[in-house]
Amino acid sequence: MKFTSILFFLLIFSSFASKAQSSNNMWTQEELDNANTARNTDYLNEEEKQIVFYMNLARTDGRKFFETYFQDFADAYNVDMQRYSNYNDLKVNRKDKYYRGLQEDLMEIKDLPLFSPDETLTWIAQQHAKDLSKNNKAGHNSTDGRTVKDRISKFYPRRAMAENLAFGFSKGLANVCMLLLDKNVPDLGHRKTILGTGYNLSLVGVNIRTHPGYRYCAVIDFISAPPAR
């Protein structure tokens, strides 16, 4: 089983980082430590580790994530976007259906199994990100025609799998928040992948890389746990 989704962000945003740290005091140290499953990896950079961390916090307590980190992000992001003439299109609109839908969905999330990083899956994500960057592409298929299933099944056969792609942000929290919001993505594929449990996705590979067309791209690959023997 595989399912994929892609999200484009046309602007770069990084000024929220210091403000978001204030949300830490709303979480217990145990919650923060448990969510930080990627902290000891040497194959992820700090922002890639943050993608794993914030996805795990959303799965730990959706309500708390929405009320802390997501609000910090949305507030700072909206201030930053005021510089652009199309601010009303860019902003996180707290009255639109995507925001309200995310709020409703996160209110139901509590103590879901956490994602753990996987080195081979990260290598797979890196290769796809390199391909997208080198060829100025945006999509799940490689330039040589390989699909997500082709790329992942070579190393992990008989697994459920998924891939989220995001374009425009270098920061882990920004990528996670916008993937969760899934603005203008009718099927909410990114949100469902991050918050879902139906396919028992448990391992992730992450790569954030510069991109000539969108400045940054983020590839997040997911697979289920090994099949029972």
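**Helix packing, cores and loops in a predicted model**

In this predicted model, helix α4 and helix α6 (residues 97–107) have axes that come within 7 Å and cross at roughly 140 degrees. Angles over 145 degrees would count as roughly antiparallel, and α4 and α6 are therefore oblique to each other. On the α4 side, the residues that meet α6 are Gly62, Arg63, Phe65, Phe66, Phe70 and Gln71. Their partners in α6 are Tyr99, Leu102, Gln103, Leu106 and Met107. Sorted by class, the residues of this contact come out as seven nonpolar, three polar and one charged.

Helix α4 (residues 62–81) also packs against helix α3 (residues 46–60), with axes that come within 5 Å and cross at roughly 125 degrees. The pair α3 and α4 is therefore oblique as well. Here Tyr54, Leu57, Ala58 and Thr60 of α3 meet Gly62, Phe65 and Tyr69 of α4. This contact of α3 with α4 has five nonpolar and two polar residues, and no charged ones. Gly62 and Phe65 turn up in the contact with α3 and again in the contact with α6.

Stepping back to the whole chain, the protein has 10 helices and five strands. Of its 229 residues, 55% are buried. Contacts that reach far along the sequence are well represented: among those with a separation of 6 or more, 76% are between residues 24 or more positions apart.

Which residues touch the most other members of the largest nonpolar core? That core has 53 residues, and the ones in question are Met55, Leu57, Phe65 and Phe70. Leu57 and Phe65 are also part of the contact between α3 and α4, while Phe65 and Phe70 take part in the contact between α4 and α6. Leaving aside residues up to four places away in sequence, Met55 touches Phe115, Val176, Ile194, Val204, Ile220 and Phe222. There is also a second, separate core of eight residues, with Ile124, Tyr156, Leu203 and Ile223 among them.

One of the partners of Met55, Val176, belongs to a helix that is buried along its length. In α9 (172–181), 10 of the 10 residues are buried, so this helix is largely enclosed by the rest of the structure. The buried residues of α9 include Gly172, Leu173, Ala174 and Asn175, followed by Val176 and Cys177. Met178, Leu179, Leu180 and Leu181 are buried too. Right after α9 comes Asp182, with a positive phi near 55 degrees. A little further on, Leu188 sits in the loop between α9 and α10 (189–195). Leu188 is not a glycine, yet its phi is positive, at about 55 degrees.

The loop between α7 (119–134) and α8 (148–153) has some details of its own, and His140 is found there. Is His140 buried or exposed? With a relative accessible area of 14%, under the 20% cut-off, His140 is buried. Its side chain makes a polar contact of 2.7 Å with the side chain of Glu163. Asn136 lies in this loop between α7 and α8 too. Phi of Asn136 is positive, near 50 degrees, in a residue other than glycine. Asn136 has 44% relative accessibility and so counts as partly exposed.

Notes:
Residues numbered from 1 in each chain as written. Predicted model: local features only at pLDDT ≥ 70, side-chain atom pairs only at ≥ 80, totals over all residues. Heavy atoms only, no water. Axes fitted to C-alpha atoms, helices over the stretch in contact; angles between N-to-C directions. Helix = DSSP H or I, 4+ residues; strand = E, 2+ residues; numbered from the N terminus. Parallel < 35°, antiparallel > 145°, perpendicular 65-115°, else oblique. Contact = heavy atoms within 4.5 Å. Nonpolar A, V, L, I, M, F, W, Y, C, P; charged D, E, K, R; others polar. Buried < 20%, exposed > 50% of the residue type's maximum accessible area, 1.4 Å probe, protein only. Polar contact = N/O pair within 3.5 Å; in protein donor to acceptor, adjacent residues only side chain to side chain. Core = buried A, V, L, I, M, F, W, Y, C linked by side-chain atoms within 4.5 Å.
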